[in-house]
Amino acid sequence: MCGIVGYAGRRTAVDIVVDGLRRLEYRGYDSAGVAVVGDGELLTEKRAGKLAVLRAALADGALDAGTTGIGHTRWATHGGPTDRNAHPHLSSDNRIAVIHNGIIENFARLRAVLEADGVEFTSDTDTEVVAHLLASIDAPLPEAMRRVSRQLEGAFTLLAVSADNPDMVVGARRNSPLVVGRGDGENFLASDVSAFIAYTREAIELGQDQVVVITPSSIEIIDFAGVPMTGTDFHIDWDLKAAEKGGFDHFMLKEIADQPQAIADTLLGRLTDHGIALDEVRISDQDLRDVTKVFIVACGTAYHSGMVAKYAIEHWTRIPCEVELASEFRYRDPILDSSTLVIAISQSGETMDTLMALRHAKQQKARVLAICNTNGSTIPRESDAVLYTHGGPEIAVASTKAFLTQLVACYLLGLYLAQVRGIMYADEVGAVVRQLQQTPDLLRDLLDQMDPVRKLSRDLSSARQVLFIGRHVGYPVALEGALKLKELAYMHAEGFAAGELKHGPIALIDDDTPVICVVPSPVGNAMMRDKVVSNIQEVRARGARTIVIAEEGDEGVRAYADDLIFVPRVPTLLAPLMTTVPLQILACEIATARGYDVDQPRNLAKSVTVE
Ligand code: F6R
């Protein structure tokens, strides 16, 4: 989950690399560092803390000479977040610098061998062994990287530069992301394309277990066995503006505001005269008709979108569907075969828990379909089919627009399955898609009415705990609201199925405990709505302060609400596209009121590439 950038070209490398790190800082911000090759020697700077600390240290221009360089922003795993553990790590003779994302599982054994040979280590990281191993091989850097990579176990992306190869950056990857940017007289390597989209839109996807060598004028790829390979070219159509704050105080606020457009983009072109068209579905219609069971695997916010998807998929297709935390999936030996469809949902496409669940499913012969936001990432590449969410880059660590676009993709997939299996006619599918197509405008209206939520957040910022309740698709929304509050405002927050509260958690409620209640539509499902209203009364009777999210026109809930937030009416299954939004804003504003960094909450990283 660290961010890494490499540059070989004619410009000042440190500027390009630090600019790339700025865009990758969401991946980790415990420390940052750069190395450039200048005048036959390596120049490095690295600092604990956020990128701003490194920038200040670079202000004297001492690294400006080099036109080849690498940079790293760290999410600490092995070794605390200190200057000495910051990357790059150097070989003892200071001729080779290495940066790394991932975990080298056999580093302790490798380190013991090197130490026995007299090598002195200067950090507690697993990465430093790579610098010393590279230096110990008497071969050009690409060959040394290939041989070292074969000795390593675990997940890694490595970049290295050497004082002896002033024009060259060498990379290697196994189970960890690395993409190549193809420029004109310059080339790039990075954890993801956002690091170089300011300079080039042409990128190359690398395969597993490959070494890549970039110079200003060439890109060469070999596998770990030394066989020349070709990567897969792709064009990046993300708008650069999408990776900037665009006048908002935080990326998260911008990404919340981006949601109507992100939904519209995710829906664009999906509805044809023949029903729904998806991206890369390499699973035949017959195989989709033969599916007897669907599993959804995902983590965190993506898991919550999967919970909503279960309701939609079962309702529209009548195929049994289970949602599983990806980190648990393979350990319980799930029953999978070729008639099982496994849907892996991931914004980054690199989440290791989800990737491992996907691989387990493939080993068991299940078909795997990815819902993903990141072109060129590992999860879609290893899946049989992909449905991309066109949310654009999500930089804030807490997911917002990724969640809503994942919901949209799940709805589309559910409708597609129903269409292929002949359960819904094209006009029925079209009718739901048209309802989906109205949601961006409804959401724009909703976003314009969020001032009361902002005011409310100032009130709630000193609460000891906040509880969230919901039923049916409102339940995952309650979980998502609580997750946002925990990760951004560091408050105790829990989401519950509204009917489950009375079986224990209601004991948490005391005077003035804020309880946020997600109320279903009285039109879409009056019975369910009335049940939630009863649950609201139960918590009010115990002194809770109730903050009610309800559908416009449901005046009946007013009597049970200390604070009432209306959202536009949409069909029941689509309601999370509306009800989630006030909860995102609430968490963001409470965190701001408590003085926390909304875009980079403590202890987190956006892309979790370790298990
Ligand atoms: C929460 C959040 C995380 C991610 C989770 C999965 O705001 O962002 O819970 O949803 O780590 O990440 P992806 O979707 O990249 O697999």
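**A parallel sheet, an antiparallel sheet and their helices**

In this predicted model, five strands make up an open sheet with parallel pairing, in the order 25-24-26-27-28. Strand 25 (492–497) and strand 28 (563–567) sit at the edges with a single partner strand each, so one side of each has no neighbour in the sheet. On average, neighbouring strands of this sheet are turned by 15° against each other, ignoring direction. Zooming in on one pair, strand 26 and strand 27 run parallel and are joined by five bridges. Here Cys517 stands opposite Val548 in strand 27. Helix 18 (residues 576–593) packs on this sheet, where it touches strand 24, strand 26, strand 27 and strand 28. The direction of helix 18 makes about 130° with that of strand 28.

Helix 17 goes with the same group of strands: what covers its buried residues includes strand 24 (465–470), strand 26 (514–518) and strand 27 (545–551). How well does the span of helix 17 agree with 1.5 Å a residue? The 15 residues of this helix (residues 526–540) should span 21 Å, and the end C-alpha atoms are indeed 21 Å apart. Its buried residues are Met528, Arg529, Val532, Val533, Asn535, Ile536 and Val539. Looking down the axis of helix 17, these buried residues fall within an arc of 160°, so they line one face of the helix. The spacing fits a general rule: an α-helix has 3.6 residues a turn, so residues three or four places apart point the same way.

Just off strand 24, in the loop between that strand and helix 16 (474–489), comes His472. Its phi is near 55°, which is a positive value in a residue other than glycine. His472 is partly exposed, at a relative accessible area of 24%.

Now for the other sheet. Eight strands form an open sheet in the order 3-2-4-1-10-9-11-15, this time with antiparallel pairing. Strand 3 (41–48) and strand 15 (232–235) are the edge strands, each pairing on one side only. From one strand to the next, the twist averages 20°. Strand 9 (residues 179–182) and strand 11 (residues 202–205) run antiparallel and are joined by three bridges. Gly181 has Ala203 as its bridge partner in strand 11. Helix 1 (residues 13–24) packs on the sheet and touches strand 1 (3–8), strand 2 (31–38), strand 4 (68–74) and strand 10 (187–190). The direction of helix 1 makes about 155° with that of strand 1. Helix 2 (residues 51–58), for its part, lies across strand 2 and strand 3 and runs at about 135° to strand 3.

A couple of backbone oddities turn up in loops. His87 and Pro88 are joined by a cis peptide bond, with omega about 0°, and Pro88 lies in the loop between strand 4 and strand 5 (89–90). Asn94, in the loop between strand 5 and strand 6 (96–104), has a phi near 60°, a positive value in a residue other than glycine. With 45% relative accessibility, Asn94 counts as partly exposed.

Val129, by contrast, counts as buried, at 0% relative accessibility. This residue belongs to helix 4 (residues 128–136). Setting aside neighbours within four places in sequence, Val129 is in contact with Phe107, Leu110, Arg111, Leu114 and Phe121. Of these contacts, take Phe107: it is 22 residues from Val129 in sequence, and the two are 6.7 Å apart C-alpha to C-alpha.

At the level of the whole chain, the protein is divided into domain 1 (3–243), domain 2 (254–442) and domain 3 (449–593). Domain 2 and domain 3 have their C-alpha centres 26 Å apart, and their contact takes 24 residues from domain 2 and 23 residues from domain 3.

Helix 7 (residues 259–267) buries Gln259, Pro260, Ala262, Ile263, Thr266 and Leu267. Seen down the helix axis, these residues fall within an arc of 165°, so they line one face of helix 7. Their cover includes helix 6 (251–257), strand 16 (271–272), strand 23 (385–388), helix 13 (401–420), helix 14 (426–447) and helix 18. After helix 7 comes Gly269, with a positive phi near 75°.

Finally, Thr340 has its place in strand 21 (residues 340–346). Thr340 is buried, with a relative accessible area of 3%. Not counting residues up to four places away in sequence, Thr340 touches Lys293, Phe295, Ile335, Ala366 and Arg367.

Terms used:
Residues are numbered from 1 along each chain as its sequence is written. This is a predicted model: local features need pLDDT of at least 70, side-chain atom pairs count only at pLDDT 80 or more; totals for chains, interfaces and linings use all residues. Side-chain values use heavy atoms; hydrogens and water are left out. Helices (H or I, at least four residues) and strands (E, at least two) are DSSP runs, numbered from the N terminus. The expected span of a helix is 1.5 Å times one less than its number of residues. Buried means under 20% relative accessible area, exposed over 50%, partly exposed in between (1.4 Å probe, protein chains only). The arc is that of the directions from the helix axis to the C-beta atoms. Contact means heavy atoms within 4.5 Å. Two strands pair if DSSP finds at least two bridges between them. Axes are lines fitted to C-alpha atoms, for helices over the stretch in contact, and angles run from 0 to 180 degrees between N-to-C directions. Domain bounds come from an automatic or database domain assignment.
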